[in-house]
Amino acid sequence: MGILFSFFFLFFFNKKWNWELRFWFIMIFSFLFMKNLMVDGGVYMYYFYLDYVSSILVLLSLWTSGLMLLSSYYSVKINNNKIVYFSFCVLMLCFVIILFFVVENLLLFYLFFEVSLIPTLLLILGWGYQPERLQAGMYMMLYTVSASLPLLLCILMIGYREGIYSMNMFMLLWLNDMNMFWFFGLLLAFLVKLPMYFFHLWLPKAHVEAPISGSMILASVLLKLGGYGFMRFLMLFNFVVGDYMKLLVVICLWGGILTSIICVGQSDMKSLIAYSSIGHMGVMLVGLLSGFIVGWEGALLMMISHGLCSSGLFCAGNLIYEKMNSRSLYLCGGMINFNPMMSLFMFLLCICNMGAPPFVSLMSEIMLYISMYMYSFILLFFVIIMVFMGGLYNLLFYVVLHHGQIMSFMKVVVVMKSSESLLLVLHIIPLLVFILNIGYMSKVVF
């Protein structure tokens with residue numbers, strides 16, 4: 001509650017140092033919020049409910065919002081590109097997302113799910129790179145809003161029938177007659193937000209046209225709204241869907257394989273990272289649908305590791321774009337000769353993206369693959385292909401950028417600034433630390 005009320009002070013603070021103050025407040029909040037990772041059983045307060053799942057996602061939202069301001073320092077702050085409006089937009093988006101994660105009323109849950117679109121759209125339209133950002137924003141709005149209408153209708157019907165909108169009360173009721181139509185009505189909006197294969201066309205467009213801060217919040221937090229909604233609704237309602245669940249599992253994994261193949265043939269850095277997100281989120285969803293606790297824990301870890309890793313890759317790609325004014329992989333090569341520090345950070349993020357040690361993504365993928373094996377032995381076929389393809393496109397991405405022949409115009413690439421190094425380090429450190437039990441760390445700190 002203190003964090004939420006403190007945000008109001010930041011909204012109306014419009015002085016000379018507002019950018020720096022907002023950045024430091026958000027980063028300090030994220031450290032203070034670590035004490036809530038030891039919540040056992042959940043904390044209930046009026047309209048707010050905080051448990052282990054929501055607290056770790058709130059922490060991710062705060063951390064990413066601070067890094068968004070740090071990553072946009074050159075493109076917005078130095079170039080004086082609507083500084084006050086930009087920091088206000090980032091702050092509003094962070095505030096709405098935190099409310100979505102902690103709110104307990106189903107109608108407010110839907111409201112903040114939809115309202116999070118508005119600051120994201122403003123970021124894409126106001127600070128995007130190409131004229132096509134209008135089309136990308138329209139794609140994102142149409143996909144999300146049209147898929148959310150069945151969700152609103154289902155919530156209103158359940159509330160009218162039961163007379164309540166409280167999630168904790170629904171856990172006690174344990175509604176048993178939720179058939180296939182309820183399943184897709186309630187969960188279609190979250191499938192689009194994840195996004196699942198078949199509903200993913202808005203994501204590469206939005207990522208390519210968004211500024212670096214928009215790409216970071218999209219990859220890191222906004223895709224997690226779908227995963228969090230899925231977790232909540234599978235906990236609240238007992239869906240009886242039978243074979244349709246198996247069909248959804250197969251579509252997710254098949255989509256993961258196809259998007260991995262698309263990644264191998266991509267020439268645009270942003271597009272490659274965006275397509276890799278679809279495969280990761282598909283595996284995460286299969287872990288949730290398997291119904292095993294190892295799958296659920298692996299899905300939560302995957303959301304955290306993917307959020308930090310994908311956001312870091314977008315930052316690294318943006319640093320190359322700012323130096324070369326191109327996102328094409330074909331125009332890069334031999335960057336390790338000019339910028340070895342960037343090459344090291346990029347290598348760490350790429351191996352994290354493919355699920356290699358010593359990062360937390362390794363643990364999350366192992367847990368998810370165990371749950372898939374327990375669900376069905378046949379799914380190992382998909383696992384083997386996805387592991388191979390994941391390693392292939394990540395190594396291709398790294399090797400094409402940093403090895404090979406040096407381009408003649410590469411001499412313009414300057415050495416990294418300290419703020420750029422800090423930005424990438426702040427993405428990598430949590431990925432290394434989270435492989436330890438973060439709960440014990442917060443107990444030591446607080």
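What follows is a chat between a trainee and a mentor about the structure above.

Trainee: What kind of model is this, and how are residues numbered?

Mentor: This is a predicted model, where local features need pLDDT of at least 70, side-chain atom pairs count only at pLDDT 80 or more, and totals for chains, interfaces and linings use all residues. Residues are numbered from 1 along each chain as its sequence is written, and side-chain values use heavy atoms, with hydrogens and water left out.

Trainee: What does the pLDDT average over the protein chain?

Mentor: The average is 84, and 90% of the residues score at least 70. The pLDDT is the predictor's confidence in each residue, from 0 to 100.

Trainee: Which helices have the lowest and the highest mean pLDDT?

Mentor: Among the elements of the chain, helix H20 (residues 438–445) has the lowest mean, 46, and helix H6 (residues 106–115) the highest, 92. Over residues 440–446 the pLDDT is below 50, and beyond near neighbours in sequence that stretch has twelve contacts in the model. A contact means heavy atoms within 4.5 Å.

Trainee: How many helices and strands are there?

Mentor: The protein chain has 20 helices and four strands. Helices (H or I, at least four residues) and strands (E, at least two) are DSSP runs, numbered from the N terminus.

Trainee: And how much of the chain is buried?

Mentor: Of the 446 residues, 60% count as buried. Buried means under 20% relative accessible area, exposed over 50%, and partly exposed in between, with a 1.4 Å probe and protein chains only. As for contacts between residues at least 6 apart in sequence, 82% join residues at least 24 apart.

Trainee: Let's look at H14. How far does that helix reach?

Mentor: H14 covers residues 269–290, which is 22 residues, and spans 33 Å from its first C-alpha to its last. That is close to the 32 Å expected at 1.5 Å a residue, where the expected span is 1.5 Å times one less than the number of residues.

Trainee: Why is H14 described as largely enclosed?

Mentor: Because 22 of its 22 residues are buried, H14 is largely enclosed by the rest of the structure.

Trainee: What sits at the ends of H14?

Mentor: Aspartate 268 caps the N-terminal end, with a side-chain oxygen 2.9 Å from the backbone nitrogen of lysine 270. After H14 comes glycine 291, whose phi is positive, near 85 degrees.

Trainee: Which residues does histidine 280 touch?

Mentor: Histidine 280 is in helix H14 and counts as buried at 9% relative accessibility. Leaving out residues up to four places away in sequence, histidine 280 touches Met302, His306, Asn353, Glu365 and Tyr393.

Trainee: Changing topic, how many aromatic pairs turn up?

Mentor: A search of the whole structure finds 21 aromatic pairs. Rings of Phe, Tyr and Trp (its six-membered ring) pair if their centres lie within 6.5 Å; planes under 30 degrees apart count as stacked, over 60 as edge-to-face and the rest as tilted. One of the pairs is phenylalanine 100 with phenylalanine 113, which is tilted at 5.8 Å centre to centre and 35 degrees between the planes.

Trainee: Where in the chain do those two sit?

Mentor: Phenylalanine 100 is in helix H5 (residues 83–102) and phenylalanine 113 in helix H6, 13 residues apart. Both phenylalanine 100 and phenylalanine 113 are buried. Ring pairs also link Phe100, Phe101, Phe109, Phe113, Phe190, Tyr228, Phe233 and Phe237 into a cluster.

Trainee: What sits over the ring of phenylalanine 113?

Mentor: The charged end of lysine 193 does, 5.5 Å from the ring centre. A charge sits over a ring if NZ of Lys or CZ of Arg is within 6 Å of the ring centre and within 35 degrees of the ring normal. Arginine 327 lies over the face of tyrosine 321, at 5.7 Å from the ring centre.

Trainee: Which residues are joined by cis peptide bonds?

Mentor: Leucine 194 and proline 195 are joined by one, with omega about -10 degrees, and proline 195 lies in the loop between helix H10 (180–193) and helix H11 (202–209). The bond from proline 357 to proline 358 is also cis, with omega near 10 degrees.

Trainee: Is phenylalanine 198 buried or exposed?

Mentor: Phenylalanine 198 is exposed, with a relative accessible area of 55%. This residue lies in the loop between H10 and H11, and its phi is near 90 degrees, a positive value in a residue other than glycine.

Methods. A polar contact is a pair of N or O atoms within 3.5 Å; within protein, one must be able to donate a hydrogen and the other to accept it, and residues adjacent in sequence count only if both atoms are side-chain atoms.
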